[in-house]
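Q: Please take a close look at the salt bridges in this model, and go through the partners one pair at a time. I would also like to know about the setting in which those partners sit.

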Amino acid sequence: MNRILLVTEANEHVASGHLFECIETCNYFISKNIESFLMVNRDMPPGLKSRINVTYFEYKEDIQQEKDFLVSFIREHEINKVMFNLRDIKNEFVLDIKKE
């Protein structure tokens with residue numbers, strides 16, 4: 001079974017477009033019976049969090065600084081696909097996650 005994790009962010013520096021794209025993508029996967037998870041930054045404004053209509057998990061502020069947390073989540077939930085929809089992400093970080 002495919003299990004997909006979508007990781008995104010929204011805050012005073014990043015507009016909400018990434019967030020709403022990921023919410024729609026999660027809902028699409030759910031409609032196709034594909035288990036999906038959404039992960040967002042903890043410092044997201046409460047007004048945006050209240051608009052999330054899927055179950056979500058939180059990371060602190062910068063997922064690239066929380067590699068161990070992300071890898072642990074992937075293993076615990078047996079995630080086999082990760083999609084990042086972030087303003088900025090380093091290739092080295094993505095490659096490190098793939099190695100894990």
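A: A salt bridge here is a side-chain nitrogen of Lys or Arg lying within 4 Å of a carboxyl oxygen of Asp or Glu. The model is a predicted one, and by this rule it holds six salt bridges.

A good place to begin is E100, which lies in the segment after α4 (91-99). E100 forms a salt bridge with K67, with the closest N and O atoms 3.6 Å apart. This pair links distant parts of the chain, since K67 belongs to helix α3 and the two residues are 33 residues apart. With a relative accessible area of 45%, E100 is partly exposed, and K67, at 26%, also counts as partly exposed. E100 forms a salt bridge with R75 as well, and there the closest N and O atoms are 3.0 Å apart. Because R75 lies in helix α3 while E100 lies in the segment after α4, this pair ties together parts that are 25 residues apart in sequence. R75 counts as exposed, at 52% relative accessibility, because exposed means over 50%.

A further group of charged residues is joined elsewhere: R3, E35 and E78 form one network through salt bridges that share partners. Within this network, the side chains of E78 and R3 meet at 3.8 Å, N to O. Here too the pair links distant parts of the chain, with R3 in strand β1 (residues 3-8) and E78 in the loop between α3 and β4, 75 residues apart. The two partners fall into separate classes of accessibility, for E78 is exposed, with a relative accessible area of 57%, whereas R3 is partly exposed, at 22%. The backbone of E78 deserves a look as well, as its phi is near 50 degrees, a positive value in a residue other than glycine.

Positive phi also appears at N33, where it is about 60 degrees although the residue is not a glycine. N33 sits in the loop between α1 (17-31) and β2, and it is exposed, with a relative accessible area of 67%.

Some charged residues belong to a surface patch instead: E12, E61, D62 and D88 gather there in a patch of negative charge. One of them, E61, is found in the loop between β3 (56-59) and α3 (67-76), and its relative accessible area of 56% makes it exposed.

Two polar contacts round out the setting. N41, in strand β2 (residues 35-41), counts as buried at 0% relative accessibility, and its side chain makes a polar contact with the side chain of D43 at 2.6 Å. S50, by contrast, counts as exposed at 59% relative accessibility, and it is found in the loop between α2 (46-49) and β3. The side chain of S50 reaches the backbone oxygen of G47 at 2.8 Å. Along the chain S50 and I79 are 29 residues apart, and their C-alpha atoms are separated by 25 Å.

To return to the request, E100 has salt bridges to K67 and to R75, while R3, E35 and E78 are joined into one network.

Note on methods. Residues numbered from 1 in each chain as written. Predicted model: local features only at pLDDT ≥ 70, side-chain atom pairs only at ≥ 80, totals over all residues. Heavy atoms only, no water. Patch = residues over 30% accessible without salt bridge, like charges linked within 9 Å, V, L, I, M, F, W, Y side chains within 5 Å. Areas by Shrake-Rupley, 256 points an atom, 1.4 Å probe, with all protein chains shown as cover. Lys, Arg positive; Asp, Glu negative; His and termini not counted. Charge placed at Lys NZ, Arg CZ, Asp CG, Glu CD. Helix = DSSP H or I, 4+ residues; strand = E, 2+ residues; numbered from the N terminus. Buried < 20%, exposed > 50% of the residue type's maximum accessible area, 1.4 Å probe, protein only. Polar contact = N/O pair within 3.5 Å; in protein donor to acceptor, adjacent residues only side chain to side chain.
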